[in-house]
Amino acid sequence: MADRNVQRRLQRARRRQLRRALLTVLRERVALVLGAIVVTLLLTGTMGYSYVHAQVYDDVCRPVTEVDLSLTEMADINRRAQDYQSDPRREAHLELESDEASFVLAQLVDFDERIRVWNGQVAIQASVPRPGGCVLVDAQGELRVNQQVATFTPHTVRLGDLDVTGLGVPVGSVSWEPADLEDEFPRLAAQLANVDSLEIVDDQVHVRLVDRYKLF
C-alpha cells in the first residue's frame, strides 16, 4: 500500500514537471513568434515610411506656372471691386474669373500656386515647402468659405508622386480657420478672417467680404 502511494506521488510529480516544461517551451515559442511579428511590423513600417516620404517629398520644389495678369486685367479687377464697394445690397459680391482668383491668391502666400475653377469645381496645384522637403499638392474638389471657415472637399488628391485617393485612403472634408493659418501664412489668415462667404459658381469665384474696403 505504501509503495503504491509513493508511486502515485512520483507520477504526480513527473506530470507537474512535464507541465512546467511544456509551459516553458510554449512561453519561449510565443515570445519568439511575438518578437518576430514585432520586428516584421517595425521593418514594414520603416519601409512604408521611407517609401511614402520618397513619393511625397522633393529635395527641390517643383515649378508651378503661376498666373501673371496684365495691367489692363488688374485695372478691370479694381473697377469691379469699386462697384462692389458701392453696391448697398447685403447679397452683393465680387466676381473673379479663374485666372484672377489664382493671381489674388498668389499675393497672399509665399509659395508657387495656381488654381482653376470650372463647373463649380476647383483644381489646386501648389509647391509647398515643408520641414521634410517640398510637397507638390495637386487636388480637385469643392471649395467653400462660410463665416471665415474654409472647407475643401477633395475628389482627387496627389501629394508629390503619391495618388492618395487612388490608394483608397478616405480623405474627407478639410477645414481651416484663420487661427490655423496665422503662424505660417499670416496674410492668408488675415484675408480669410475678412471673408464672409466664398463659393464657386460655374466658372467664377464669388466673394463676399466682411469689410469691403479691406481688399486683397
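This section describes the overall make-up, the largest pocket and selected residues of a predicted model.

The secondary structure of the protein consists of five helices and ten strands. The protein has 216 residues, of which 31% are buried. Its exposed area comes to about 14300 Å², with carbon and sulfur atoms contributing 56% of that area. When contacts between residues at least 6 apart in sequence are considered, 51% of them link residues at least 24 apart.

The largest pocket encloses a volume of about 1300 Å³. Its lining is formed by 43 residues, and those closest to the pocket centre are Leu105, Phe111, Ile124, Trp176 and Leu188. By residue class, the lining of this pocket comprises 38 nonpolar residues, one polar residue and four charged residues.

Helix H3 spans residues 98–106 and is mostly covered, with seven of its nine residues buried. These buried positions are Ser98, Glu100, Ala101, Ser102, Phe103, Val104 and Ala106. The elements against which the buried residues of H3 pack are helix H2 (71–86) and the strands E2 (94–97), E3 and E10. In an α-helix, residues three or four places apart point the same way, because there are 3.6 residues a turn. Leu105, which is absent from the buried positions of H3, is listed among the residues closest to the centre of the largest pocket.

Strand E3 contains Arg114. The relative accessible area of Arg114 is 32%, so this residue is classed as partly exposed. Beyond its neighbours within four places in sequence, Arg114 is in contact with Val64, Thr65, Glu66, Val67, Asp99, Ser102, Ala123, Ile124 and Gln125. Two of these partners, Asp99 and Ser102, fall within the residue range of helix H3. For Asp99, the C-alpha to C-alpha distance to Arg114 is 8.3 Å, at a separation of 15 residues in sequence. For Thr65, the backbone oxygen lies 3.3 Å from the side chain of Arg114. Ile124, another contact partner of Arg114, also belongs to the group of residues closest to the centre of the largest pocket.

Asp58 is located in strand E1, which covers residues 57–58. Its relative accessibility is 17%, and Asp58 therefore counts as buried, the cut-off being under 20%. The side chain of Asp58 forms a polar contact of 2.7 Å with the side chain of Arg62. With residues up to four places away in sequence set aside, Asp58 touches Gly133 and Cys134.

Positive phi values were computed for two residues other than glycine, Asn119 and Asp202. For Asn119, phi is near 50°. Asn119 sits in the loop that connects strand E3 (112–118) with strand E4 (121–130). With a relative accessible area of 62%, Asn119 is exposed. For Asp202, phi is near 55°. The position of Asp202 is in the loop between strand E9 (195–201) and strand E10 (204–209). Asp202 is likewise exposed, its relative accessible area being 56%. Each of these residues thus occupies a loop between two strands, E3 and E4 in the case of Asn119 and E9 and E10 in the case of Asp202. Strands E3 and E10 are also among the elements that pack against the buried residues of helix H3.

Definitions and conventions: Residues are numbered from 1 along each chain as its sequence is written. This is a predicted model: local features need pLDDT of at least 70, side-chain atom pairs count only at pLDDT 80 or more; totals for chains, interfaces and linings use all residues. Side-chain values use heavy atoms; hydrogens and water are left out. On a 1 Å grid over the protein atoms alone, a cavity is a set of points where a 1.4 Å probe fits but cannot get out, and a pocket is an open set with protein on both sides within 12 Å along at least five of seven lines; lining residues have an atom within 4 Å of a point. Grid points are joined across faces, edges and corners, and a volume is the space filled by probe spheres set on the points. Ala, Val, Leu, Ile, Met, Phe, Trp, Tyr, Cys and Pro count as nonpolar, Asp, Glu, Lys and Arg as charged, and the others, Gly among them, as polar. Helices (H or I, at least four residues) and strands (E, at least two) are DSSP runs, numbered from the N terminus. Buried means under 20% relative accessible area, exposed over 50%, partly exposed in between (1.4 Å probe, protein chains only). Contact means heavy atoms within 4.5 Å. Accessible areas come from the Shrake-Rupley method with a 1.4 Å probe; for residues, only the protein chains shown count as cover. A polar contact is a pair of N or O atoms within 3.5 Å; within protein, one must be able to donate a hydrogen and the other to accept it, and residues adjacent in sequence count only if both atoms are side-chain atoms.
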